[in-house]
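Visitor: Could you walk me through this one? I would like to hear the reasoning behind each label.

Guide: Gladly; let us look at it together.

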Amino acid sequence: MPLISQTGITQVTNSQKGFTLLEVVAVLLLLTLIIGLVWPEMDRSRIKMESKAIIQQIHHDLCSMEDEAKGMNLPTKVEFSPGASHYTLNWGGQTLSRPLGGLAFMEEKSVVLTFMPSGACEGPGMLKFENSQGQEVWIETGGEMNEDSE
């Protein structure tokens with residue numbers, strides 16, 4: 001609280017402290033600069049984590065479909081189509097569609113991986129994807145190409 005002296009002049013005591021407008025603007029400028037430097041790296045890290053999670057999901061689905069084929073004694077299929085935002089799992093008359101998220105399937109035509117009850121996999125041994133940063137991502141399928149799947 002300002003003190004008023006007998007002459008009518010307001011005096012400020014040392015207990016009244018604050019920041020000047022210049023100091024506040026300087027701090028805001030530094031915060032903006034730090035955020036501007038850190039944000040792009042955080043975004044790249046987020047994209048990498050999302051791509052990694054989707055790749056792990058695809059690997060998990062491929063292993064699950066192989067196990068389902070052996071367990072049901074029926075072939076199971078996984079289909080990837082160019083330009084699609086998802087891939088499809090088919091087993092025992094059921095169909096499940098999974099999102100590809102930030103990945104894009106980069107083959108020229110659709111690919112169907114067929115898992116046989118014997119444990120064999122018909123289809124390409126590798127699948128090519130591209131993440132949202134334009135980097136190629138390859139996923140090993142364990143499949144072998146035959147004349148029918150080309």
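Visitor: What makes S6, S9 and S10 an open sheet, and in which order do the strands lie?

Guide: In this predicted model, the three strands lie in the order S6-S9-S10 with antiparallel pairing. Strand S6 (104–105) and S10 are at the edges with a single partner strand each, so one side of each has no neighbour in the sheet. That is the sense in which the sheet is open.

Visitor: How do you know that S6 and S9 pair?

Guide: Pairing requires at least two bridges between two strands, and two bridges join S6 to S9. The criterion is therefore met. Ala 104 stands opposite Glu 130, and the bridge partner of Phe 105 is Phe 129.

Visitor: What supports the pairing of S9 with S10?

Guide: Strand S9 (residues 126–130) and S10 share five bridges in the antiparallel sense. Set against the requirement of at least two, they therefore count as paired. Two of the positions are easy to find: Glu 130 has Glu 136 as its bridge partner, and Phe 129 is opposite Val 137.

Visitor: What lies between S9 and S10 in the hairpin?

Guide: Five residues separate the two strands, and Gly 134 in the turn has a positive phi of about 85 degrees.

Visitor: Which side chains of S10 are buried, and what makes them count as buried?

Guide: Buried means under 20% relative accessible area. Val 137 and Ile 139, which point to one face of S10 (residues 136–140), are buried. Glu 136, Trp 138 and Glu 140 point to the other face and are not buried. The side chains thus alternate along the strand. S9 also has two faces: Leu 127 and Phe 129 are on the covered one, with Met 126, Lys 128 and Glu 130 on the uncovered one.

Visitor: Where does the helix sit relative to S9 and S10?

Guide: H1 lies across both strands and runs at about 20 degrees to S10.

Visitor: Why is a group of residues here called a nonpolar core?

Guide: The name applies because its members are buried nonpolar residues joined through side-chain atoms within 4.5 Å. The largest such core has 21 residues, and those with the most contacts inside it include Ile 58, Leu 103 and Phe 129. H1 (21–72), S3 (76–80), S4 (86–91), S7 (111–115), S9 and S10 each supply at least two residues of this core. H1 gives the most, with six. In soluble globular proteins, nonpolar side chains tend to be buried together.

Visitor: What does Leu 103 contact beyond its neighbours within four places in sequence?

Guide: Contact means heavy atoms within 4.5 Å. Among the partners of Leu 103 are Ile 54, Ile 55 and Ile 58, together with Phe 129 and Val 137.

Visitor: And how many helices and strands does the whole chain have?

Guide: One helix and ten strands, following the pattern β-β-α-β-β-β-β-β-β-β-β along the sequence. Of the 150 residues, 22% are buried.

Methods:
Residues numbered from 1 in each chain as written. Predicted model: local features only at pLDDT ≥ 70, side-chain atom pairs only at ≥ 80, totals over all residues. Heavy atoms only, no water. Helix = DSSP H or I, 4+ residues; strand = E, 2+ residues; numbered from the N terminus. Buried < 20%, exposed > 50% of the residue type's maximum accessible area, 1.4 Å probe, protein only. Axes fitted to C-alpha atoms, helices over the stretch in contact; angles between N-to-C directions.
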